[in-house]
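These are my notebook entries on one chain, written down in the order in which I looked things up. I begin with the whole chain and then turn to a single loop.

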Amino acid sequence: MKHADKNLTHLDKETLNAALESYFSRESTLTPPLKNWEEDLPKSVETQHTAPRLTYINEINNVWMEVPYYEDIFWGGGWLATIAITLAFPFCCLFIFMPGFLYESFFNNFLFLIFYLFSLFFIFTLAFMNIKLMLTVPRPLPIRFNRARQKVYVYQHTRSWNPWVRWPTTIKVFDWADIHGELSYQSGRYNQGYQLWCAVCQPGTRQVIDRFMLSDSIGHPKVQRGLWSHCCHYMAHRPVPTRPLYKTQPRTWKLRETVRWPSDIDHESRTAPQDEVAETSGARDETR
């Protein structure tokens, strides 16, 4: 009996080691691989192993759906930093006009004056960056799936640490057939969890030419797999649930609407090709 228990324990260790070796020897099938890659999701034309499930949704109908992409950022803290810097800036400016400061600093310590003026410029730049971040950055970033056209429209905004340069907004349009789903795992102090990525490959290959994130860090991978499954089912004209997993969307603390689609892309992403034909025919009838 003891001998049998030892054999069983030995088999359990072998099974565990084989499973661990199989797990850690996995590799991405796409080139170049995704940073912090965790797993490749089933192709859009393959059977999905997870039931379709929406995380958040802005709009869904028979032609298109819009999924919001939320960054894992504490936007309310930006407003607090903006208010604190804005209130502190006038007091820092008044300090330079104190009796004796200009005389003592300019004639006896010119370098200190230069450092002080540079510090004022740095504080002003920091305040301006926070104000620009709070008022101009679009959030959430929308991603539209048009199943009539089989295209995906990705709204992207590029920001930097330099508030004095332009932060551009770009719209990228991809063919759904060229998109592959991937999971990555982010491990950090402020951002930890599984991220859902869409890799855009050259047609008929696994050579990645672009990537965009569909959903930021979530604690359990099943939620991300469900979102990918939902997109695949929707684009294949299969029945999908329209009720999202989370009814309340994250607070973004914005005072005005910052998402502005170009009129031509906005119209294209929300219509089917036959709608354009009908509109063209109607316009011709009116001119007769």
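What percentage of the 288 residues in the chain is made up of buried residues? I looked this up in a predicted model, and I noted that buried residues make up 40% of the chain. For the outside, I wrote down an accessible surface of about 17800 Å², with 60% of that area belonging to carbon and sulfur atoms.

Next I went through the elements, and I listed 7 helices and 9 strands. I also looked up the contacts with a separation of 6 or more, and I found that 66% of them are accounted for by residues 24 or more positions apart.

Then I turned to the sheet. I traced an open sheet of 5 strands in the order S2-S3-S4-S5-S6, where the pairing is antiparallel. At its edges I marked strand S2 (59-60) and strand S6 (169-175), each of which pairs on one side only. Within the sheet I followed S4 (residues 141-146) and S5 (residues 151-157), which pair over 4 bridges in the antiparallel sense, and I noted that Asn-146 has Lys-151 in S5 as its bridge partner. As a reminder to myself, strands of a sheet pair through backbone hydrogen bonds.

Which residue did I pick out in the loop between S4 and S5? I chose Arg-147, which is buried yet has no salt bridge. The nearest side chain of opposite charge is that of Glu-59, which I found 11 Å away, whereas a salt bridge would need the charged atoms within 4 Å. Leaving out residues up to four places away in sequence, I recorded that Arg-147 touches Asn-61, Asn-62, Val-63, Tyr-234, Met-235, His-237 and Arg-238.

How values were computed: Residues numbered from 1 in each chain as written. Predicted model: local features only at pLDDT ≥ 70, side-chain atom pairs only at ≥ 80, totals over all residues. Heavy atoms only, no water. Helix = DSSP H or I, 4+ residues; strand = E, 2+ residues; numbered from the N terminus. Buried < 20%, exposed > 50% of the residue type's maximum accessible area, 1.4 Å probe, protein only. Contact = heavy atoms within 4.5 Å. Areas by Shrake-Rupley, 256 points an atom, 1.4 Å probe, with all protein chains shown as cover. Pairing = 2+ DSSP bridges. Lys, Arg positive; Asp, Glu negative; His and termini not counted.
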